[in-house]
Amino acid sequence: MHNLHLFSLLLSYPTPDLQAVCSEIRERLAADPALPRDTVRRLHPLLTRLAASDIYAAQEAYVELFDRGRSHSLHLFEHVHGESRDRGQAMVDLRQRYLDAGLEPAGNELPDYLPLFLDYCSTLSEAAARETLAEPGVVLVALAARLAERGSDYAPLLALLCEIAEVEQDEEAQKAISPVDDPDDLETLDAQWAEEEIRFTADAAPDPAASCPQVSAILDRMYDPAPATKRPRN
C-alpha cells in the first residue's frame, strides 16, 4: 500500500513543504482504490486546516497535541514499554526490519515514531502492509479514541489506519497500554520527560521554514514510490 506514506506525511510535524503538497495528497488519496471510499471526505478538515493555517499555528497545535504528555504520543512503544529496557530492544529490532527492507531511516526520530512506521509499511504489499500495521493495533485504536474524545481533526486519520489494519476496540488489551495523562502544570510535564536528553530529539526549536529531514524523505517518495528505495543517512 504505497499511499500509506501519505498518511505518514499528514502525521508528521507541519512544514511549508507539507502545506504545499496538501492538494496533491488529497488527489492521490482520492485515486487510491485500496483505501476506504470516504477517505478524502473524512480527512477534509485536516487537509484544509494544514493547507490554510499559519505555519506557526499549525506547528504549535501539533506540539500541543502530540508532544505534551504521553497520552497522544506518536511513539508506539511509549504506550506499551514506557522507558523500560524492553523498549530499547524493541527499538533495535524494529530498526533492523527497516534496514532489512532496504530503508535507511532519515532524520533523528526513533524507529517507533508512527509516521516512520507508516513509511515502512508503505513499502510492503497490500496484504503485508495490513498485517504489519495491525501489530500495534491496540495503540492505534487507543490513539483514535483519545483523539476523537479531544475533538481533533487527526482522529479520522487514526480511525482510517485502524480500518486499513482491520483492528477493532479491545477493552482488555487497552489495559496494557499507558493510561491517559494530560497534566496541566509544567513541573509534572518536566518530570515526565526527565529523560528527554537520551531520546535523540533536537534540543533547539525547529525553524518553521526549514525542510524537515523526515518529511523531505517522504516527499521524495511521492515522486519515486519504488518500494525498496534506500535513503541516505543524514
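## Surface and overall make-up

The chain exposes about 11500 Å², and carbon and sulfur atoms supply 53% of that area. The model is a predicted one. Of the 234 residues of the chain, 50% count as buried.

The secondary structure consists of 13 helices and zero strands. Among the contacts in the chain with a separation of 6 or more, 73% join residues 24 or more positions apart.

## Nonpolar core

The largest nonpolar core has 57 residues, and the members that touch the most others are F7, L11, L114, L158 and L161. Helix 10 (residues 155-165) gives this core its largest share, eight residues.

L11 shows how such a core member is surrounded. Leaving aside residues up to four places away in sequence, L11 touches Y62, F66 and L74. Its other contacts on that count are Y113, L114, P115, L118, Y154, L157, L158 and L161.

## Aromatic pairs

The structure holds six aromatic pairs. In one of them, Y13 and Y62, the ring centres are 5.7 Å apart and the planes stand at 85°, so the pair is edge-to-face. Y13 lies in the loop between helix 1 (4-10) and helix 2 (16-20), whereas Y62 belongs to helix 5 (residues 55-66), so this pair ties together parts that are 49 residues apart in sequence. Both Y13 and Y62 are buried. These two residues form one aromatic cluster with F66 and Y154; Y62, F66 and Y154 are also among the residues that L11 touches.

F117 and Y120 make a tilted aromatic pair, with 6.4 Å from centre to centre and 45° between the planes. Both residues lie in helix 7 (residues 114-121), three residues apart, which is about one turn of the helix. An α-helix has 3.6 residues a turn, so residues three or four places apart point the same way. The relative accessible area of F117 is 3%, so F117 is under the 20% limit and counts as buried. Y120 has a relative accessible area of 8% and is buried by that limit too.

## Helix 9

Helix 9 (residues 137-150) has 14 residues. From its first C-alpha to its last, helix 9 reaches 20 Å, close to the 20 Å expected at 1.5 Å a residue.

The buried residues of helix 9 include G137, V139, L140, V141 and A142. L143, A144, R146 and L147 of helix 9 are buried as well. After helix 9 comes G151, with a positive phi near 75°.

Technical notes: Residues numbered from 1 in each chain as written. Predicted model: local features only at pLDDT ≥ 70, side-chain atom pairs only at ≥ 80, totals over all residues. Heavy atoms only, no water. Core = buried A, V, L, I, M, F, W, Y, C linked by side-chain atoms within 4.5 Å. Buried < 20%, exposed > 50% of the residue type's maximum accessible area, 1.4 Å probe, protein only. Helix = DSSP H or I, 4+ residues; strand = E, 2+ residues; numbered from the N terminus. Contact = heavy atoms within 4.5 Å. Phe/Tyr/Trp six-rings, centres within 6.5 Å; stacked < 30°, edge-to-face > 60°. Expected span 1.5 Å × (residues − 1). Areas by Shrake-Rupley, 256 points an atom, 1.4 Å probe, with all protein chains shown as cover.
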